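Please look through the structure shown here with an eye to how its charged pairs, its strands and its helices fit together. The explanation that follows goes from one element to the next.

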Amino acid sequence: MNNMLVVGSLAFDSIKTPAGFKKKCLGGSANYFSLVASRYASVKTIGVVGSDYEDAHIEILATRGVDVSGIERQDGLTFHWEGRYKEDLNEAQTLATHLNVFEKFNPQLSAAHKSCDVLFLANIDPKLQLSVLEQANNPKVVAVDTMNFWIETKYDDLKKVLKKANILFVNQTEALMITRESNAVGAASVLSQFGPQVVVIKRGEYGALLYSKGEYFALPAFPVKNIVDPTGAGDSFAAGFMGHIIKRGLDLNPQDLRRACLEGAMIASFTVEDFGLNRLINLTEGEVSVRFEQYMNTIRIE
Ligand code: AMP
């Protein structure tokens, strides 16, 4: 079975949404991604945490079989993101980004980490994404996620990462920001020219747009009525997508890519039902099967 290496943020998030405020709840792109991806494949996580990050927080991944030996602990504070969502839950507003221990993080991959089949470069400094990418031994598939913070501050490094990526996940706003296009359809094909042959544009409650080799596929999101906190939906989507691709043997054919979108959107629909990682931590296989059927019903045309 192909295995997956992920590098990204392990974080405390302070989040304000119309449903409430949570101070310093557990989050970070690598946490969301690893937690979801562990349902599908063998996962190794690379990242850094501070002395305020408890062993119990790392155990959440470890008890699900994630290899956490690549999570370093350093003196200082864990990465802390402060964000809020107003009426439009599709758009996160960053209030503050405290890089803390990520500022001096210099990941050194072990031999086991280097030999990954799939490398997922979750949302983190493109310099760190590049460093991990350069150390990995020819992964079969490289997938990347990013956000406006890095597009604004590290665009040249990000472009180098995109050149070597097979799959890109990006929000609609960020896709338009990078390409200066005025809609997702135009942005997807331009982004593909930067390197990745597969581009997935995430559009919150409106679903996702997939582009690969000149062809488009659009999928609506699963309709969730009470969205509590959209944070992590993008990372969860990517993990479900990559999980499906891995299960299908990493053949990026059009049918598997479409079905991967479905898997990503289905699993992300749980993430938004509670703050932070809470909903994912308690999620059962039974709930996933029921939702899959419900989702199929919402998109089926007789
Ligand atoms: P998303 O799936 O896009 O909602 O990602 C949410 C996660 O991204 C949060 O848990 C944050 O901790 C993390 N995050 C926010 N800003 C950054 C950043 N600049 N670099 C890395 N991770 C971030």
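In this predicted model, the side chains of D256 and R248 meet in a salt bridge, with nitrogen and oxygen 3.0 Å apart. Side chains of opposite charge can pair when their charged atoms come close. The two partners differ in how much of their surface is open, since D256 is buried at 6% relative accessibility, whereas R248 has a relative accessible area of 48% and counts as partly exposed. If residues up to four places away in sequence are set aside, D256 touches R248 together with H244, I245 and D251.

D256 belongs to helix α10, and this helix, which runs over residues 254-271, is a useful element to follow next. Its 18 residues should span 26 Å at 1.5 Å a residue, and the C-alpha atoms at its ends are indeed 26 Å apart, so the expected and the computed values agree. Of these 18 residues, 14 are buried, which means that α10 is largely enclosed by the rest of the structure. At the N-terminal end of the helix, N253 acts as a cap, with a side-chain oxygen placed 3.1 Å from the backbone nitrogen of Q255.

How many salt bridges does the structure hold? There are 12, and one of them joins K154 to D125, whose closest N and O atoms are 2.7 Å apart. K154 sits in the loop between α5 (148-153) and α6 (155-163), while D125 sits in the loop between β8 (118-121) and α4 (126-135), and the pair therefore ties together parts of the chain that are 29 residues apart in sequence. Here K154 is partly exposed, at 23% relative accessibility, and D125 is buried, with a relative accessible area of 13%.

Another salt bridge brings together the side chains of E273 and R279, at 2.9 Å from N to O. In this pair the acidic residue, E273, is partly exposed with a relative accessible area of 23%, and the basic residue, R279, counts as buried at 16%. The pair also forms part of a wider arrangement, because E273, R279, E287 and R291 are linked in a network of salt bridges, each such bridge being a side-chain nitrogen of Lys or Arg within 4 Å of a carboxyl oxygen of Asp or Glu.

The strands can be read starting from β10, which covers residues 167-171 and has four of its five residues buried. On one hand, β10 runs parallel to strand β9 (residues 141-145), to which three bridges join it, and within this pairing A143 has I167 as its bridge partner. On the other hand, β10 pairs with strand β11 (residues 198-202), again in the parallel sense, over five bridges, and in this pairing F169 stands opposite V200. In a regular strand the side chains alternate between the two faces of the sheet.

V170, which lies in β10, shows how the surroundings of such a residue are made up. Its relative accessible area is 0%, so V170 is buried. Not counting residues up to four places away in sequence, V170 touches A175, L191, V200, I201 and K202. V170 and D145 are also brought together by the fold, in that their C-alpha atoms are 5.9 Å apart in space although the two residues are 25 apart in sequence.

An antiparallel arrangement is found in strands β12 (residues 208-212) and β13 (residues 215-219), which are joined by five bridges. In this pairing, A218 of β13 is the bridge partner of L209. The two strands form a hairpin with two residues between them, and K213, in the turn, has a positive phi of about 50°.

What, finally, does a search of the whole structure find in the way of disulfides? The search finds zero. A disulfide is a covalent bond between the sulfur atoms of two cysteines. Among the cysteines, C116 is buried, with a relative accessible area of 4%, and C261 is buried as well, at 1%.

Conventions
Residues numbered from 1 in each chain as written. Predicted model: local features only at pLDDT ≥ 70, side-chain atom pairs only at ≥ 80, totals over all residues. Heavy atoms only, no water. Buried < 20%, exposed > 50% of the residue type's maximum accessible area, 1.4 Å probe, protein only. Pairing = 2+ DSSP bridges. Contact = heavy atoms within 4.5 Å. Disulfide = S-S within 2.5 Å. Expected span 1.5 Å × (residues − 1). Polar contact = N/O pair within 3.5 Å; in protein donor to acceptor, adjacent residues only side chain to side chain.
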